[in-house]
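Hi everyone, thanks for coming along. Today I'd like to walk you through one protein, step by step. Have a look at it first.

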Amino acid sequence: MRVAVVGSGYVGLVAGACFADLGHTVLLVDNDQQKLAALKGGQVPIHEKFLPELLDRHRGQRLRFSEDLHAAVLESDVVFIAVGTPTTEQGEADLSYVESVATSIPSALNGYKVIVEKSTVPVYTSEWIRKIILRHAADPDSFDVASNPEFLREGSGVTDFLFPDRIVIGVDDERCVSVLRTLYAPLTDGSYYQRGDAIPRPDRAQIPPPLIVTSTKSAELIKHASNAFLAMKISFINAVASICEAVGADVQQVCQGIGSDRRIGHRFLNPGIGYGGSCFPKDLKAFRAVARECGYDFRLLDEVMHINEEQRQRFLRKVRSALWTLRGKRLAVLGLAFKGGTDDIRESPAIMLVETLLQEGCSISAYDPAAEVRAREVLPASVQFAENPYAAVRDADALLILTEWDEFAALDLERVHGAMKYPIVIDGRNLYDPESMAEQGFTYYSIGRSAATPEVRSSPSNVPPRAVENS
Ligand code: UGA
C-alpha cells in the first residue's frame with residue numbers, strides 16, 4: 001500500500017520505517033528541514049534499537065522523506081497523523097498540529113483515502129478531524145477517519161511495533177476496516193515473522209498479534225486508559241515501596257509475590273524514582289482533563305501524579321540522609337534520560353534530580369550512554385560529563401544510579417569502589433542486591449529495601465523496623 005506518515009518524531013519515524021519493512025511504500029513528511037536533511041543523509045535522529053538497520057534497509061527505496069504534505073497525501077492510500085500533541089497550560093492536549101494537518105488534507109483527496117490518527121489524542125479527536133476535512137468542502141465519500149493508537153515504548157519501539165500485544169483499530173465506518181486490515185496483514189497473518197530478515201522476536205511475543213476493531217472513541221480511550229493504568233501500576237508499587245522501607249520489608253520480594261498473580265503480572269511493577277518521559281506525564285494530565293470535561297472527577301489520576309512527584313522528593317531525602325549535608329559534595333550520576341535504552345530526556349526524573357542537587361551546592365559528574373548530547377543542552381555548564389561510569393565515580397562522595405541501563409547493572413564493582421572517595425551507592429532503580437553490595441564494601445541505599453552497610457548487613461533477622469531514610 002502507499003502510506004504517508006505525517007510527523008517524524010518517535011512514533012512517526014518508527015511507524016514509517018516499520019511499515020516500509022512490512023512491504024509498504026512510505027512517504028514520511030515533516031516540516032523540519034534540518035531533520036529531513038539529516039534523515040535523507042543517513043543520520044538517525046533518535047536512539048532506537050533496530051531503527052538504524054531499518055532505515056538503512058529502506059531509505060530512498062520504500063521509505064522516502066518529504067516536506068510536501070499535499071503531494072504526499074495525493075500519492076497515498078492511507079495517511080497517518082503522527083504529529084506532536086504537547087500539553088497546554090491547562091493540562092489539555094494541544095491539538096493545533098493535528099488540526100493544521102487535517103486542514104491540508106481536503107485539497108489532496110484525489111480518490112478514497114483513510115486518514116488515521118496515530119498521535120495520542122483525547123476522545124472526540126477523530127470526529128473533529130472529520131468535521132474539519134468536511135468544512136473544507138471535501139466529498140464525504142472520498143475519505144474515512146480512523147484511530148490507530150500506538151503502544152510502542154521508546155528504546156524498544158521497533159520491536160514493540162512489529163511484535164505488538166495487540167493492534168487497535170478504531171473506526172466508525174466499516175469501509176476503512178479492510179484497508180487497515182490489509183496494511184497490518186503481514187503481522188496479523190504471521191507472514192512477516194516467517195521472513196529470514198525479520199527483526200528478532202522478543203520474549204513473550206504473541207504471534208500473530210490480535211487485531212481489535214472498536215469505535216474511534218473507544219480506540220482513543222484505550223490509548224489514554226492504557227497509559228494511565230501503567231502509570232498507576234508504577235505509582236502503586238512506589239507507594240508500596242515506601243511502606244516496605246518503613247517496616248523493613250523488601251519491595252522486590254513483594255513484587256515477586258504480587259506479580260506472580262497473573263491477574264496482576266510482573267511488568268511495570270518496578271519501583272524507582274518515578275515515571276517520566278514524553279508520554280505518561282503528558283497523557284495523565286490530558287486524560288484528567290478529558291474526564292473533567294465530560295463531568296467525571298478522576299481523582300485517582302491526581303493521586304497517581306502526586307505519588308510520582310513525591311517519589312522524587314523521597315529519593316532526594318534519601319540522598320540527604322546518606323550524606324548529611326550536600327553543599328560541596330561531589331556526586332557521580334549514572335543515567336540522565338527518563339529511562340534506560342533511550343536518549344530522551346523529556347520530563348526525566350534524573351535531570352530534575354540533578355538540577356535540584358546542583359541548587360543544593362553539589363558538584364555532579366555524570367555519565368549516560370546515549371543522552372549526553374541532549375543533557376548538555378539543558379543542564380548548567382558546571383555539570384561534568386564523564387566518558388564512562390568509572391571516570392564518573394572518580395573521587396565521588398556518592399554514586400547515584402538514576403536509569404536502568406544494562407551496563408549500569410554490570411559494573412566492575414571493585415573498580416568503582418577503588419575509584420570513589422566514599423563507597424556510598426544510592427540506587428534509584430534497584431539494580432543491585434543490598435547484601436552483596438555490603439559484602440563488597442559499599443553502603444548501599446535503594447528503593448523499598450533496607451539500607452545495607454559493610455558492618456550491618458540487611459537480612460530477615462536483623463532488618464531494622466524503620467525507614468531507610470531515617471536510618
Ligand atoms: C509509554 C508506554 O509504555 C507505551 O506503551 C506508550 O506507547 C508510550 O508511553 C506512548 O504513549 O507513546 P515510554 O514513555 O516510552 O512508553 O516509556 P515506558 O517504558 O513506559 O516508561 C515510562 C516511565 O516509567 C519511565 O520513566 C520508566 O523509568 C518508568 N517505569 C516504567 C518505572 O518506573 N517502573 C516500571 O516498572 C516501568
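Before we start, here is how residues are sorted by class: Ala, Val, Leu, Ile, Met, Phe, Trp, Tyr, Cys and Pro count as nonpolar, Asp, Glu, Lys and Arg as charged, and the others, Gly among them, as polar. What you see is a predicted model, in which local features need pLDDT of at least 70 and side-chain atom pairs count only at pLDDT 80 or more, while totals for chains, interfaces and linings use all residues. Residues are numbered from 1 along each chain as its sequence is written, and side-chain values use heavy atoms, with hydrogens and water left out.

Let's begin with a pocket. A pocket is an open set of points on a 1 Å grid over the protein atoms alone, where a 1.4 Å probe fits, with protein on both sides within 12 Å along at least five of seven lines; its lining residues have an atom within 4 Å of a point. How many residues of each class line the second largest pocket? Its lining has 13 nonpolar, 2 polar and 3 charged residues. Of these 18 lining residues, Leu95, Pro122, Val123, Thr125 and Trp128 lie nearest the centre. Helices H5 (96-104), H6 (125-135) and H12 (280-293) each supply at least two residues of that lining. Helices here are DSSP runs of H or I with at least four residues, and strands are runs of E with at least two, numbered from the N terminus.

Next to look at is Tyr124, in the loop between strand S5 (113-117) and H6. Tyr124 is not a glycine, yet its phi is positive, near 90 degrees. Phe50, in the loop between helix H2 (33-40) and helix H3 (51-58), also has a positive phi, of about 75 degrees. Are they buried or exposed, or in between? Buried means under 20% relative accessible area, exposed over 50%, and partly exposed in between, with a 1.4 Å probe and protein chains only. So Phe50, at 17%, counts as buried, and Tyr124, at 42%, as partly exposed.

Now the inside. A nonpolar core is a set of buried Ala, Val, Leu, Ile, Met, Phe, Trp, Tyr and Cys residues joined through side-chain atoms within 4.5 Å. The largest one here has 49 residues, and Leu180 is among those with the most contacts inside it. Helix H1 (residues 10-21) gives the most to this core, with 8 residues. Another core, of 41 residues, lies apart from it and includes Val251 and Cys362.

One last detail: a cis peptide bond joins Ile207 and Pro208, with omega about -10 degrees.
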